[in-house]
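Subject: Structure handover and findings

Hello,

Please find the structure we talked about below. My notes on it come after.

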Amino acid sequence: MLDNLRDAVRKFLTGSSSYDKAVDDFIKELQKSLISADVNVKLVFSLTNKIKERLKNEKPPTYIERREWFIKIVYDELSNLFGGDKEPKVIPDKIPYVIMLVGVQGTGKTTTAGKLAYFYKRKGFKVGLVGADVYRPAALEQLQQLGQQIGVPVYGEPGEKDAVGIAKRGVEKFLKEKAEIIIVDTAGRHGYGEEAALLEEMKNIYESIKPDEVTLLIDASIGQKAYDLASKFNQASKIGTIIITKMDGTAKGGGALSAVAATGAVIKFIGTGEKIDELEVFNPRRFVARILGMGDIETILEKIKDVENYDKMQKKMEEVVSGKGKLTLRDVYTQLIALRKMGPLSKLFQLLPGAGMLGQIPEDQLKVGEEKMRKWLAIMNSMTYYELDNPSIIDKSRMRRIALGSGTEIDDVKELIEHYNLMQRTIKMLKRRKKDVEKLLGQFGGEGS
């Protein structure tokens, strides 16, 4: 599903077409891929219109190429399409915790019950499985085989047709045995279009066992129809979550994901294969990063984060120069982190108002090499918060302790303090020049700023 988008991203970032043509081509490919994956056409065009609107109204941050910025916008909007920043809560906040699985026939409920049990067992929980599907003859046997495979006990009553009674007795048994997570597999005899009967059965078992969570399973192959099913389920059970199964190889997976996300329901897991460990926590941003090409998008996101930090640093320095703020070693630390990938420290002063007046300061005094940055970061990591905020208190005794803790020499600590003092002197110079310029403008009737 959507695998061709990864190639489209790579082609967009490395292609030789003009930027505008590359953007148009990519958007057409995005539309084609999403519609092929059964995403609702209205949603697709709403998504691409949002992308175009952002391109029109927003400008790339400093030092970010337009093509990278465009892919970041695509990443953001695709993430929103599949649920945005919702983080499913997979670790229960209470013990014991009862999970009831429901879903139409053929969604892979019993297999998913085993996967879920395996997931929580690996997390260190004591898990129990209850087989309450009394309509499919092989359901209990399949669940018992899965339980044996992963070392999780299974409760069932072969031949018994009272699903509500089985569920109740199974939960009671595991509660007595101090199970921490109990997973109840229910029947899925109702097909698509008979959700009312499915929800009625869910209600009866729910009232009997009072589960902490009801989880609806949806087969990814039903595509956009997932919207109706998820909507009705969401209305019937406000505590519900959703697992989308069979996401491997289905052409309609995008339709199911986007449809469920549009209901506001929480997608908790997605099943990505037949194996017992092929169940993953659904995170929209991580999912989108993977379909766009994890390496490409991670590099872009990291670069944008660096730039955002750099912009924050610039704002901080402007506040310091204007007298609204104070420069501390904490700020120097932030600057070094941001500048490691942005170039020499002299760039910091190029961004400041009035920095052109600093011609008398030799360039090599402002340059900081990568090795020096590494040492200075280690030194500041060995300082107390009070020392970072008040560098003037750092005497020889403190320098010895800091050098020992950071694996550096006392001379390295001295050099960092000297660099900090140079920055302080430079800022004072800028403040004086700024005042002189404002006075000069005032004499000629200009406005001070």
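What follows is a short account of what was found, starting with the chain as a whole and ending with single residues.

Please keep in mind that this is a predicted model.

Overall make-up

The chain contains 19 helices and 8 strands. Of its 449 residues, 48% are buried. The accessible surface of the chain is about 22,300 Å², and carbon and sulfur atoms account for 50% of that surface. If you take the contacts between residues at least 6 apart in sequence, 74% of them join residues at least 24 apart.

The sheet

The 8 strands form an open sheet in the order β3-β2-β4-β1-β5-β6-β7-β8, and the pairing is mixed. At the edges stand β3 (154–155) and β8 (279–281). Each of these two has a single partner strand, so one side of each has no neighbour in the sheet.

Strand β1 (residues 97–103) sits between β4 and β5 in that order. With β4 (residues 181–186), β1 pairs in the parallel sense over 5 bridges. One residue of β1, Val98, stands opposite Ile182 in β4. On the other side, β1 and β5 (residues 213–219) also run parallel and are joined by 5 bridges. Two of the bridge partners in β5 can be named here: Ile99 is matched with Glu213, and Met100 with Val214.

How much of β1 is buried? All of it: 7 of the 7 residues are buried, so the strand is largely enclosed by the rest of the structure. This holds for both faces of β1. Tyr97, Ile99, Leu101 and Gly103 point one way, while Val98, Met100 and Val102 point the other way, and all are buried.

The stretch before β1

Pro96 is in the loop between α4 (66–81) and β1. The peptide bond that joins Ile95 and Pro96 is cis, with omega at about 0°.

Two buried charged residues in helices

Glu and Arg both count as charged, and one of each is worth a look here.

Glu201 belongs to helix α8 (residues 195–209). Its relative accessible area is 12%, so Glu201 counts as buried, the cut-off being under 20%. Thr186 is 15 residues away from Glu201 in sequence, and the C-alpha to C-alpha distance between the two is 9.0 Å.

Arg54 is part of helix α3 (residues 41–57). Arg54 has a relative accessibility of 17% and is therefore also classed as buried. Leaving out residues up to four places away in sequence, Arg54 touches Trp69, Ile73, Asp76 and Glu77.

Two lysines with positive phi

Lys178 is not a glycine, yet its phi is positive, at about 65°. Lys178 lies in the loop between α7 (163–176) and β4. Is Lys178 buried or exposed? With a relative accessible area of 65%, Lys178 is exposed, because the cut-off for that class is over 50%.

Lys210 also has a positive phi in a residue other than glycine, here near 50°. The loop that holds Lys210 runs between α8 and β5. Lys210 is exposed too, with a relative accessible area of 54%.

Cavities

How many cavities of 30 Å³ or more does a search of the whole structure find? There are 2. The largest cavity holds about 60 Å³ of space. Its lining consists of Phe82, Gly83, Lys86, Pro88, Ala261, Ala265, Val266, Ile267, Phe282 and Pro284. By class, the lining has 8 nonpolar residues, 1 polar and 1 charged.

Where to look

If you open the model with these notes at hand, β1 is a convenient place to begin, with β4 and β5 as its neighbours in the sheet order. From there, go back to the cis bond between Ile95 and Pro96, and then across to Glu201 in α8 and Lys210 in the loop after it, between α8 and β5. Arg54 in α3 and the lining of the largest cavity can be looked at separately.

Regards

Methods
Residues are numbered from 1 along each chain as its sequence is written. This is a predicted model: local features need pLDDT of at least 70, side-chain atom pairs count only at pLDDT 80 or more; totals for chains, interfaces and linings use all residues. Side-chain values use heavy atoms; hydrogens and water are left out. On a 1 Å grid over the protein atoms alone, a cavity is a set of points where a 1.4 Å probe fits but cannot get out, and a pocket is an open set with protein on both sides within 12 Å along at least five of seven lines; lining residues have an atom within 4 Å of a point. Grid points are joined across faces, edges and corners, and a volume is the space filled by probe spheres set on the points. Helices (H or I, at least four residues) and strands (E, at least two) are DSSP runs, numbered from the N terminus. Buried means under 20% relative accessible area, exposed over 50%, partly exposed in between (1.4 Å probe, protein chains only). Contact means heavy atoms within 4.5 Å. Accessible areas come from the Shrake-Rupley method with a 1.4 Å probe; for residues, only the protein chains shown count as cover. Two strands pair if DSSP finds at least two bridges between them.
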